[in-house]
Amino acid sequence: MADWDLLLTDISVATMREGAPDYGVLENAAIAIQGGILSWLGPRAELPAKRAIETRSLAGCWVTPALIDCHTHLVFAGDRAAEFEQRRRGASYADIALVGGGILSTVRATRAATADELFETALKRARALLADGVATIEIKSGYGLDLDSEIKSLEVARRIGSVTGQTIRTTLLAAHTVPPEFNGDADGYIELICATLLPTIAARQLADAVDAYCETIAFSTAQVAKVFARARELNLPVKLHADQLSDANGAALAAKFSALSADHLEYTSMAGVQAMRAAGTTAVLLPGAFVSLNETQLPPVAALRAANIPMAVATDCNPGTSPLLSLRAAMALATRVFGLTPEEALAGATRNAARALGLADRGTLAVGNRADLAVWDISHPHDLSYWLGSDPMAGLLIAGRDASLR
Ligand code: DI6
Ligand code: FE
């Protein structure tokens, strides 16, 4: 009888454990996996004399927690490349949204697409993230905006995990924009969300959380508060697109509902930061949207850091404001544009991303955690943010099994 399924040797490890200095680095290490769980981790010299079914010597590669993309909108039809071109010629994101472009054009395409069509394109995107070391993806709905189309999108999201092996966490983002059939009646749409969409989707267990877009071009704090109150009644945790284009007190609103995360935060005030700290809400930074929108207002990174608020980094992959399919590129951008250290960027795509999703069993390498491990051909974990556009993945284990990367 073997004690372990798999033993990895000849590795350096970045555990990314909370409070561990310098990435939690362990050189000349070994990792043992049993039943999909990390069962031993430490210096090779201290490895207990136990037997493994398979032993792999990884030739000096680095092992980190597998990456976690905690904010994406992967399921959508069509694209908005023509709008991107218009914006590069001077039109603003808000201008385009006001004339029925923007999110609404993706809603039209997504409603018209079959589940299989949505699945094929979303699967490609999930595979692109997989090839970057991402084992867990949060996927939001929000391009359906009616019961059937939101259900279709969430079901498509869940299907992806059964094919790629990735963990998919779904988030209902019905309050993304006002759909055409409620034009001029945002409150009526909020009513539909609270009375029908939320309870139906909760009963079908299709969503792990509820999100909203709190913005002058989307929903007010009062409207979002109604959705959040209903979500909490149904025992669903909330997250928020907060203060991305203006300070709408989004961070404080998220904190009031004990949100798992408040995301974007470019215009968040000091009061918002303090409220997040008090509520234990994670900050999710989205540099892909920041650069794609030519934003100049930086999120309050120094204040978040000083308040000890965990900072996650995600792609925000969406066809409008962040056509970004590499979490490592998001990390690299977060170091350049937001001033994160490479260690903060890696914590942001591992430990703090897990926190933003309420997942306690991953994001760090520790005995008892899921064996979601990324193997990299690098000379130090800071290389992961240093390079833009390299491909150093040497392997990815999801719950102890090899993911097929290509
Ligand atoms: N996330 C969102 O949901 C919105 N902006 C962002 O960063 C809008 C996405 C879109 O334009 O489709
Ligand atoms: Fe988003």
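**The iron site and the enclosed ligand**

Along the chain, the donors of the iron ion (ligand 2) follow the spacing H-x1-H-x167-H-x74-D. In this predicted model, those donors are His-71, His-73 and His-241, each through NE2, together with Asp-316 through OD, and they coordinate the iron ion at 2.1 to 2.2 Å. Distant parts of the chain are linked by the pair His-73 and Asp-316, which stand 243 residues apart: His-73 belongs to the loop between β5 (67-69) and α1 (81-88), whereas Asp-316 belongs to the loop between β12 (311-313) and α12 (327-337).

From the metal the reader can turn to ligand 1, which sits in the largest cavity. The shell around ligand 1 is made up of five nonpolar, eight polar and two charged residues, and of these 15 residues the ones that come nearest are Arg-80, Tyr-93, Tyr-143, His-176 and Asp-316. Asp-316 therefore appears in both settings, as an iron donor and as one of the residues nearest to ligand 1.

Polar side chains also approach the oxygen atoms of ligand 1. A polar side-chain atom of Tyr-143 lies 2.6 Å from a ligand oxygen, while an N or O atom in the side chain of His-264 is 2.9 Å from an oxygen atom of ligand 1. For His-73, which is also an iron donor, the corresponding distance from a side-chain N or O atom to an oxygen atom of ligand 1 is 3.4 Å. Ligand 1 has 320 Å² of accessible area on its own, and the protein covers 100% of this area.

How values were computed
Residues are numbered from 1 along each chain as its sequence is written. Chains are lettered from A and ligands numbered from 1 in the order in which they are written. This is a predicted model: local features need pLDDT of at least 70, side-chain atom pairs count only at pLDDT 80 or more; totals for chains, interfaces and linings use all residues. Side-chain values use heavy atoms; hydrogens and water are left out. A residue is near a molecule or strand if one of its heavy atoms lies within 4 Å of it. A polar contact is a pair of N or O atoms within 3.5 Å; within protein, one must be able to donate a hydrogen and the other to accept it, and residues adjacent in sequence count only if both atoms are side-chain atoms. Accessible areas come from the Shrake-Rupley method with a 1.4 Å probe; for residues, only the protein chains shown count as cover. On a 1 Å grid over the protein atoms alone, a cavity is a set of points where a 1.4 Å probe fits but cannot get out, and a pocket is an open set with protein on both sides within 12 Å along at least five of seven lines; lining residues have an atom within 4 Å of a point. A molecule sits in a cavity or pocket if more than half of its atoms lie within 2 Å of its grid points. Ala, Val, Leu, Ile, Met, Phe, Trp, Tyr, Cys and Pro count as nonpolar, Asp, Glu, Lys and Arg as charged, and the others, Gly among them, as polar. Donors are N, O and S atoms within 2.8 Å of the metal (3.2 Å for Na, K and Ca); water is not among the atoms, so sites may look incomplete. Helices (H or I, at least four residues) and strands (E, at least two) are DSSP runs, numbered from the N terminus.
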